[in-house]
Amino acid sequence: MKRGLWTDNALARVGVTRSESGPTTLVGYAAVYYVEGDARTEYRLWDTAVERIARGAFDGILADTTVDVRALRNHDPDRILGRRSAGTLRLSSDDVGLRYEIDLAETTAGRDTATDVESRNITGSSFWFGNGRTTITEREDGTTVYLRESFTELYDVGPVTFPAYEGTSVLTRSGEGDVSEMKAEWDRRRRAAEAERVRVVTAAAEAA
C-alpha cells in the first residue's frame, strides 16, 4: 500500500533556472538528510515523535532505473511536470538530500509552476514514498525516533503549495500503519476533531 511523506524545510527550497536556448529547469530538494544537532533536518510527527531520513536512504532508488518516478505539482497526476523514464526528471543525492531537476515543458502546468516559484508563491518541495526500512528508537527523554534508512518505492517528487510538514495529520505524512503508535495518534486526533464538531453543532442547535 502506498504511504506518503510530505516535507518542507528551509534547506529544501525550490528554484527556477531559465535558458534562452534550452528548457526552463526547476531545481529543488524533495527531502533532506538528518544532520546531528540541526533541527531543520528533523521532522516532528507529534509531540513525542520525530522522523529522520538517513544519508543514502535513496541510493537504491537512484541505482534502479526501472523506478519510474514522476514529477508532479501538489502530487496531482493531472499536473505532471516531468518523468524519470522520459529524461525530463533527474534525481540525485548529495550531502543535503534528494535533489531533483525538472525540465519544464511548454504546458500550462509547466509555465504556471515556473511563474509561481519565481514569485515565491511556491517555496516548498515534497515526495511520496512507499515501502522501505525504518529503525525505531526510544530515547531516554520519552521521544520516539523513526529513522528512515532506505526506501524501495518512490512515486513522485515536486513543488507543493501547502507542505504537509506545516500541519498535516500523522497518517497522511507517514503512512497507513506500519507503526501502531502512528495509528493511535491519528485516531486520537480524529476523535478530538469529531468531538469538537459535535460540540459546535450542539451549541448551534441550542442557540437556535
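Student: Which residue does Ala-49 stand opposite in E11?
Tutor: Ala-49 faces Thr-144 there. Mind that this is a predicted model, with local features needing pLDDT of at least 70 and side-chain atom pairs 80 or more, while totals for chains, interfaces and linings use all residues. Numbering starts from 1 along each chain as its sequence is written, and side-chain values use heavy atoms, without hydrogens or water.

Student: How many bridges do E4 and E11 share, and in which sense?
Tutor: Five, parallel, with E4 covering residues 49-53. Strands are DSSP runs of E (at least two residues), numbered from the N terminus, and two of them pair with at least two DSSP bridges.

Student: And what about E10 with E11?
Tutor: E10 (residues 132-138) runs antiparallel to E11, joined by seven bridges. Thr-137 has Val-145 as its bridge partner in E11. Five residues separate the strands in this hairpin, where Gly-142 takes a positive phi near 90°.

Student: Why is E11 called largely enclosed?
Tutor: Because six of its eight residues (144-151) are buried, meaning under 20% relative accessible area (over 50% is exposed, in between partly exposed; 1.4 Å probe, protein chains only). Phe-151 is one buried residue, at 4%.

Student: New topic: how many aromatic pairs are there?
Tutor: Eight, counting Phe, Tyr and Trp (six-membered) ring centres within 6.5 Å; planes under 30 degrees apart are stacked, over 60 edge-to-face, the rest tilted. Phe-58 and Phe-127 are edge-to-face, because their centres are 5.4 Å apart and their planes at 80°.

Student: Are those two buried or exposed?
Tutor: Both Phe-58 and Phe-127 are buried. Phe-129 and Phe-151 form a tilted pair, 4.8 Å centre to centre with 50° between planes.

Definitions and conventions
Helices (H or I, at least four residues) and strands (E, at least two) are DSSP runs, numbered from the N terminus.
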